[in-house]
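Please look through the structure below slowly, with the sequence beside it, and follow a few of its regions one after another.

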Amino acid sequence: MIRYLLSLLAPTLLLSTMATAASAKDGTEEEAHWSIAIHGGAGTIDRDKITPEKDTEIRAALDKALTIGSDILKDGGSAMDAVTATIVSLENDPNFNAGKGAVFTWDKTNELDSSIMDGSDLSAGAVAGINGTKNPILLALAVKDHSPHIMLSGEGANQFSREQGLEQVTPDYYATPHRLQQIEAVLAKEISAADVDYKFGTVGAVAQDRDGNMAAGTSTGGMTGKRWGRIGDSPIIGAGTYADNRSCAISATGSGEYFIRLGIAHEICARIRMRFPEAMKEAQRAVPKDADGNDTYVVHASEFMLSDAEIQQIADDVIAELGALGGDGGIIYATPWGQAGYSFNTAGMYRGRATSEGEQSVAIYGDE
């Protein structure tokens, strides 16, 4: 196929292969691809800080959530449904800082944030500083689908949740012994929230479905010991969450103030979107000429993709800028070409990915 020839002529660019060797032989069409990536937070995650039992428990939780999302996509479900169901699973697991197991504020309360975005039409919903809703991602989705707004906060968002009939819980639902120990330790030291050694347990998912639509979602309890109604990047569209069918889907976790300043999620998608036409031009210039000097083939967007290396480099470059500014954390990404991956500058990141190519893996530490 000509696209293979072009990939040889332009080795730094990977052109899409719409058919496998087997399908080329028997004349069948390859099924449309899908992909999903998830995270459960990033931070000081070293092997000597996690017991073997907890390591196994966290990997099982990640794999469970990943399987839920993958099964939806395999069956032809939407990226929005896959992202939502995946995050609900992570919110229900006390190992993560979202929903059950959310961290406590300085006043020993819980203030949860969440957001979700549909890359097909750029619609989005977000909530900040809420409590009482069992699954904050479902409230963010309700804001997107059933309100004229994008972001609701505090008691107003709580009221909207009740009006939408979402499952409500009492404040003690979020509490776990581990989170209570954390806040008690912080308060006993009487130190500023800025001095806490944070581990970011935010959860998120990004996906592309068989129809080519993309979605991203993020959910968090925020920072241990946060004060004064602090809100991080997780509910902010463009900082902690972003999805656009033309470029990528991103969910972030880390020191939110820095992600907000750089607009990390949108920045990565924007760079991918801008890089695509430039890469197409480079590929077109590599096309052989005929005797009259005319291109023998025209490169079309529908058969062209950015390479895995280019996508990873864009993500890594933005995370490097985050680090240079003083921020820690990472992102997960999915692209219109079926790629799914991550980039982070911390010791570890709870993460996983699966694709229609057969991959399904979870990881915790930076050297995996």
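In this predicted model, ring pairs join Phe-276, Phe-304 and Trp-337 into a cluster. The structure holds 4 aromatic pairs, and one of them is formed by Phe-276 and Trp-337, whose rings are stacked, with 5.5 Å from centre to centre and 20 degrees between the planes. This pair links distant parts of the chain, since Phe-276 belongs to helix α9 (residues 264–285), whereas Trp-337 sits in the loop between β9 (329–334) and β10 (340–344), 61 residues apart. Phe-276 has a relative accessibility of 15% and therefore counts as buried, for which the value has to be under 20%. Trp-337 is buried too, because its relative accessible area is 15%.

From that loop one can move on to strand β10, where Ser-343 is found. Is Ser-343 buried or exposed? With 5% relative accessibility, Ser-343 counts as buried. Leaving aside residues up to four places away in sequence, Ser-343 touches Gln-312, Ala-315, Asp-316, Ile-319, Gly-329, Gly-330 and Ile-331. With one of these, Asp-316, the side chain of Ser-343 makes a polar contact of 2.6 Å. Gly-329 lies 14 residues from Ser-343 along the chain, and the C-alpha atoms of the two are separated by 8.7 Å.

A second region to follow is a pair of helices. Helix α4 (residues 79–91) packs against helix α5 (residues 136–146) at an angle of about 150 degrees, and their axes are 8 Å apart. The two helices are therefore roughly antiparallel, because an angle over 145 degrees is counted in this way. On the side of α4, the contact is made by Met-80, Thr-84, Ile-87, Val-88 and Glu-91, while α5 contributes Pro-136, Ile-137, Leu-138, Leu-141 and Lys-144. Sorted by class, the residues of this contact are 7 nonpolar, 1 polar and 2 charged.

Helix α5 deserves a further look, as it is mostly covered, with 8 of its 11 residues buried. These buried residues are Pro-136, Ile-137, Leu-139, Ala-140, Leu-141, Ala-142, Val-143 and Lys-144. What covers the buried residues of α5? The covering elements include α4, together with β2 (112–118), β3 (123–130), β4 (151–153), α6 (154–163) and β6 (214–220).

Loops also hold residues that repay attention, and Thr-202 is one of them, placed between α7 (177–189) and β5 (203–208). Its relative accessibility of 7% is why Thr-202 counts as buried. Beyond residues up to four places away in sequence, Thr-202 touches several others, among them His-39, Gly-40, Gly-41, Asn-97, Ser-234 and Thr-253. The side chain of Thr-202 also makes a polar contact, at 2.8 Å, with the side chain of Thr-220.

Two further loop residues can be read together through their backbone angles. Lys-108, which is not a glycine, has a positive phi of about 60 degrees, and its place is in the loop between α4 and β2. Trp-228, likewise a residue other than glycine, has a positive phi near 60 degrees and lies in the loop between β6 and β7 (241–244). How exposed are these two residues? Lys-108 counts as partly exposed because its relative accessibility is 37%, whereas Trp-228, with a relative accessible area of 77%, is exposed.

Definitions and conventions: Residues are numbered from 1 along each chain as its sequence is written. This is a predicted model: local features need pLDDT of at least 70, side-chain atom pairs count only at pLDDT 80 or more; totals for chains, interfaces and linings use all residues. Side-chain values use heavy atoms; hydrogens and water are left out. Helices (H or I, at least four residues) and strands (E, at least two) are DSSP runs, numbered from the N terminus. Buried means under 20% relative accessible area, exposed over 50%, partly exposed in between (1.4 Å probe, protein chains only). A polar contact is a pair of N or O atoms within 3.5 Å; within protein, one must be able to donate a hydrogen and the other to accept it, and residues adjacent in sequence count only if both atoms are side-chain atoms. Contact means heavy atoms within 4.5 Å. Axes are lines fitted to C-alpha atoms, for helices over the stretch in contact, and angles run from 0 to 180 degrees between N-to-C directions. Angles under 35 degrees count as roughly parallel, over 145 as roughly antiparallel, 65 to 115 as roughly perpendicular and the rest as oblique. Ala, Val, Leu, Ile, Met, Phe, Trp, Tyr, Cys and Pro count as nonpolar, Asp, Glu, Lys and Arg as charged, and the others, Gly among them, as polar. Rings of Phe, Tyr and Trp (its six-membered ring) pair if their centres lie within 6.5 Å; planes under 30 degrees apart count as stacked, over 60 as edge-to-face and the rest as tilted.
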